[in-house]
Structures are given as structure tokens and as C-alpha cells.
Amino acid sequence: MNYNTILFDIDDTLLDFKADEEQALARLFALTPITLTPEVKAKYSKFNQNLWQKLEQGEITREKLLSTRFNIFFKQEFDLDISDLNLANRYLEFLSEGHDEMQHAHQLITSLAQNPNLRLEIATNGVRATQIKRLRDADLIEYFDHLFISEEMNANKPQVEFFNYIENHLENYDSNQTLIVGDSLTSDIQGGNNAHVTTVWYNPNHQSNSGTAKPDYEIDDLLDLQKII
């Protein structure tokens, strides 16, 4: 196949969200009476993943997720009212300062950018200001023609409307010549399935796939994407 459009997820695909989240949470919890132990971090991670899955399924709004998650978590787990600490905004500020890259991300993007027949695009459910700052600080933002960020699109991956928006904003878009590359089965891969876009599951930790999403390709090293293109 000949592909001319590559849609890249950001978190845990190009940038190491887990590392960036860890430093942001450490700084955030230092403002509270609660120590961020491995057990507390695991509870928060499960709680947060649940919220993002609800967002993907249209069961919660982005605004509610971002503005209430820490208040709800601290009340639910520790019976603490931390609403006066403004943790929602502080967390996004801390997170935006992290831009650790996934292995070979910069090498891959700079290599693909040299191909005049390829256009590289971002497709993310993340927060616009946060994602832009992280990409810029990682010296990656210049390689992408467009940044498709769900909060501006009135749709989230895996909704087909997310991909319809991209189609309507890219000249000569052809789903048959498009790839989406991402780490999330429920977001990136299911979204590609819904929109009939070829999918590449970036799975460096060799997780099993027990869901309904069906990746067309699976890679554990970003550089292997070049073999597919």
C-alpha cells in the first residue's frame, strides 16, 4: 500500500505520558496532605483511565473530566475537600512541562518529514495548550502540518466524527491512503476501525488484545513504521 497521510497519537506514542504524568502527580500531591505512594498512584491511574474511557464513549464531557477529577478522587478515596487548591489547573501546568520522548520518536518523525509525498498530522484527545507546549519543547511540532485536537473538534477518538473532521480539513484526503498510529486500542485503533482507516498499534510492552479493536499492523519499535509505509 502507498500511504500519504499519517495520523499520530501523542501520549505514549510520540511522548512518554507515563513519565510526564509521574512528575506532574508528584508535584501535585506535594501540595496536598496525601503522600503519593505506589498504591495511591495505582488507584488514581485506574480512576483516571475510567474517566477517559467514559469520555471516549461519550458518557462524560471533557470539561467535567478536567475540572472535577481531582476533587472527586480526593473526596472518594480520602474524604478530603481539596477544591480550594485548584489542582485541576495546576496539574495541567505541571504536565505541560514534561516532554519525555518515546524511544526513536524524534528519529522517526525527522526521517518521515524528509519524504515530500508524506504529510504528518497529530490526532489527539489531549488538552490543546498542554499538548502544543509538550510538542514544542520536544522540538517536534514543526514537523506536523496540522494538530487535530479533540477539544476543538467537538468529537473524540474513537468517534467517527473525529475522523470526519480531519477529512473535511485536509485537502485530497483519502482514507485508503491514511494510517493512524497509536498505543490505545480503545481510542486510536478502534477509531481507525470505525473510520475505515488503516491502523498501526504501537505496543512496545507487548500487551495482549482482548478487546474488539482490530489493528491492521502491530509494532513494538516506532522505526518499524517505515517498513509499513
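## A cis bond beside Pro158

P158 sits in the loop between strand β3 (146-149) and helix α7 (160-169). Helices here are DSSP runs of H or I with at least four residues, strands are E runs of at least two, and both are numbered from the N terminus. The peptide bond leading from K157 into P158 is cis, and its omega is near 15°.

Before going on, a word about what you're looking at: residues are numbered from 1 along each chain as its sequence is written, and side-chain values use heavy atoms, with hydrogens and water left out. This is a predicted model, so local features need pLDDT of at least 70 and side-chain atom pairs count only at pLDDT 80 or more, while totals for chains, interfaces and linings use all residues.

## Lys157 and its two partners

Stay with K157 for a moment. The structure holds 12 salt bridges, a salt bridge being a side-chain nitrogen of Lys or Arg within 4 Å of a carboxyl oxygen of Asp or Glu. Side chains of opposite charge can pair when their charged atoms come close. One such pair is D9 and K157, at 3.0 Å from N to O. That pair ties together distant parts of the chain: D9 is in the loop between β1 and α1 (17-29), K157 is in the loop between β3 and α7, and their positions lie 148 residues apart in the count.

K157 also forms a salt bridge with D188, where the closest N and O atoms are 2.6 Å apart. Again distant parts of the chain are linked, since D188 belongs to helix α8 (residues 185-195) and is 31 residues apart from K157. Are D188 and K157 buried or exposed? Both are buried, and that word means under 20% relative accessible area, with exposed meaning over 50% and partly exposed in between (1.4 Å probe, protein chains only). K157 counts as buried because its relative accessibility is 1%, and D9 counts as buried because its value is 7%.

Now for a pair elsewhere: K227 and D224 meet in a salt bridge of 3.3 Å, N to O. K227 is exposed because its relative accessible area is 71%, whereas D224 is partly exposed because its own is 23%. Back with the earlier residues, salt bridges that share partners join D9, K157 and D188 into one network.

## The nonpolar core

In soluble globular proteins, nonpolar side chains tend to be buried together. In this model the largest nonpolar core has 27 residues, and those with the most contacts inside it are I6, F8, F144 and L225. At least two residues of this core come from each of β1 (5-8), α5, β2 (119-124), β4 (178-182), β5 (198-202) and α9 (225-228). Which element gives the most to this core? That's α5, with 4 residues. A nonpolar core, by the way, is a set of buried Ala, Val, Leu, Ile, Met, Phe, Trp, Tyr and Cys residues joined through side-chain atoms within 4.5 Å.

## A negative patch on the surface

On the surface, D100, E101, D139 and E142 gather in a patch of negative charge. Patches are made of residues with over 30% relative accessible area and no salt bridge, with like charges joined within 9 Å and nonpolar side chains (Val, Leu, Ile, Met, Phe, Trp, Tyr) within 5 Å. D100 is found in the loop between α4 (87-96) and α5 (105-112), and it counts as partly exposed because its relative accessible area is 41%.

D139 has its place in the loop between α6 (128-137) and β3. D139 counts as partly exposed because its relative accessibility is 48%. Its backbone is worth a look too: D139 has a positive phi of about 60° although it is not a glycine.

## Another positive phi, and two spacings

H206 also has a positive phi, near 55°, in a residue other than glycine. You'll find H206 in the loop between β5 and β6 (217-219), and H206 counts as exposed because its relative accessibility is 54%.

Finally, two C-alpha spacings to check for yourself. D12 lies in the loop between β1 and α1 and counts as buried because its relative accessibility is 10%. D12 and N203 are 191 residues apart in sequence and 9.5 Å apart in space, C-alpha to C-alpha. I132, in helix α6, is buried because its relative accessible area is 12%. The C-alpha atoms of I132 and I149 are separated by 9.6 Å, with the residues 17 apart along the chain.

Technical notes. Areas by Shrake-Rupley, 256 points an atom, 1.4 Å probe, with all protein chains shown as cover. Lys, Arg positive; Asp, Glu negative; His and termini not counted. Charge placed at Lys NZ, Arg CZ, Asp CG, Glu CD.
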